[in-house]
Amino acid sequence: MGSDCIKDSVTLCHSCDLVVTKRALPSGVRALCPRCNTVLYDTPYCSINGMLALCITALICFTPANFFPILELHFLGSVRTTTIIEGALAVYDEGYWLVGIAVIITAIIAPGILIISILSQILIIKYRLHSPFFRRQLKRLLGYQHFVSQLTMLEIYLISILVTVFNLSDFADIFLGLGTFCFILLFIATLFLQREYNVEHMWSFLDE
C-alpha cells in the first residue's frame, strides 16, 4: 500500500536542491541523494500494523495508568495512595492551579488525544476509507498532529515520580502499584509510537 502511494511523489534534497522521485524502501532503509549523498527520507521501522499494535497497547494501559494508584506511602502506621489525577488535583488545591492544570493537560489529556488521533489515522489508512468525509478527518488530524505531540510530556511526569520515590524512600516505605506498571508501559508504548510515527509518511497516503 505504501509503495503505491509514494511512487509518484517527489522530494527536494536539503543540501543540493536536487529533485528526487520517491521510491518505496524496505523497512529501516534510508534514501540518499544521488548527487551529494544527503539523507532524504527513510521509512518507519514499524508498519501500519505495528503502529496499530502500539496504539492498542497504549490505549489499554491509559485508563489504569491514570486512575490506579501510582504510589503507596506507608508512614508511621498510616497508608496513603495517590493517582495521577489525585496528585494534579492536590497541587491545584494547594494554590498551584497552573501546575495542576499543566499536569492534567500534559500527562492525561494530551497523551489520550495523541493516541486516539494516531489510532484514527491508522484505521482510516489501513481500511482504505477514501470517502471525502474520512479524507477531511485525516487531513485535520495530520494538521494538528505536531501541536498535540508537543503537549505530550509523559517523560517529565515519569521523572518526577522517580524523583519523588528517591526523596521519600529515606522517610517512609514506598510501594509501587499497578498504576505505576501501567504508566511505565504507557510511556514506553507512546515513546515508540512517536518514534515510529512520521507525519510526512502519513501525508503521503493522501496522495494515492
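Asparagine 37 sits in the loop between strand 3 (30-32) and strand 4 (39-42), and that's a good place to start looking around this predicted model. Its phi is near 65°, a positive value in a residue other than glycine. Most residues other than glycine have a negative phi. Aspartate 17 is another one to look at: its phi is near 65° and also positive, and this residue is found in the loop between strand 1 (10-12) and strand 2 (19-21). Here are the two loop residues, along with histidine 146.

| Residue | Where to find it | Relative accessible area |
|---|---|---|
| Aspartate 17 | loop between strand 1 and strand 2 | 52%, exposed |
| Asparagine 37 | loop between strand 3 and strand 4 | 56%, exposed |
| Histidine 146 | helix 5 | 57%, exposed |

Why does histidine 146 count as exposed? The cut-off is over 50%, and histidine 146 has a relative accessible area of 57%. While you're there, jump along the chain to threonine 164: the two residues are 18 apart in sequence, and their C-alpha atoms are separated by 30 Å.

Next up is the sheet. Three strands make an open sheet in the order 6-5-7, with antiparallel pairing. Strand 6 and strand 7 (173-176) are at the edges with a single partner strand each, so one side of each has no neighbour in the sheet. On average, neighbouring strands here are turned by 20° against each other, direction ignored.

Now take the pairs one by one. Strand 5 (residues 71-75) and strand 6 (residues 78-82) are joined antiparallel over 5 bridges, and leucine 71 stands opposite threonine 82 in strand 6. These strands form a hairpin with 2 residues between them, and leucine 76 in the turn has a positive phi of about 50°. Strand 5 also runs antiparallel to strand 7, with 4 bridges joining them. In that pairing, histidine 74 stands opposite aspartate 173 in strand 7.

Over to the helices. How do helix 4 and helix 5 cross? The axes of helix 4 (residues 97-126) and helix 5 (residues 132-151) come within 9 Å and cross at roughly 150°, and the crossing is left-handed. On the helix 4 side, the residues that meet helix 5 include Thr106, Ala110, Ile113 and Leu114. Their counterparts in helix 5 include Phe134, Gln137, Leu138 and Leu141. The residues of this contact divide into 12 nonpolar, 7 polar and no charged.

That brings us to the nonpolar cores. In soluble globular proteins, nonpolar side chains tend to be buried together. Here, the largest nonpolar core has 21 residues, and those with the most contacts inside it are Ile70, Ile84, Ala107, Tyr157, Ile161, Phe183 and Leu186. Helix 2 (48-67), helix 3 (84-93), helix 4, helix 6 (154-168) and helix 7 (178-196) each give two or more residues to this core. Which helix gives the largest share? That's helix 7, with 5 residues.

Let's zoom in on leucine 186. Not counting residues up to four places away in sequence, leucine 186 touches Ala58, Cys61, Phe62, Ala65, Ile115 and Leu154. Apart from the largest core lies another, of 19 residues, and among them are Cys55, Leu119, Met202 and Leu206.

Methods. Residues are numbered from 1 along each chain as its sequence is written. This is a predicted model: local features need pLDDT of at least 70, side-chain atom pairs count only at pLDDT 80 or more; totals for chains, interfaces and linings use all residues. Side-chain values use heavy atoms; hydrogens and water are left out. Axes are lines fitted to C-alpha atoms, for helices over the stretch in contact, and angles run from 0 to 180 degrees between N-to-C directions. A crossing is left-handed if the near helix is turned anticlockwise from the far one by less than a right angle, and right-handed if clockwise. Contact means heavy atoms within 4.5 Å. Ala, Val, Leu, Ile, Met, Phe, Trp, Tyr, Cys and Pro count as nonpolar, Asp, Glu, Lys and Arg as charged, and the others, Gly among them, as polar. Two strands pair if DSSP finds at least two bridges between them. A nonpolar core is a set of buried Ala, Val, Leu, Ile, Met, Phe, Trp, Tyr and Cys residues joined through side-chain atoms within 4.5 Å. Buried means under 20% relative accessible area, exposed over 50%, partly exposed in between (1.4 Å probe, protein chains only).
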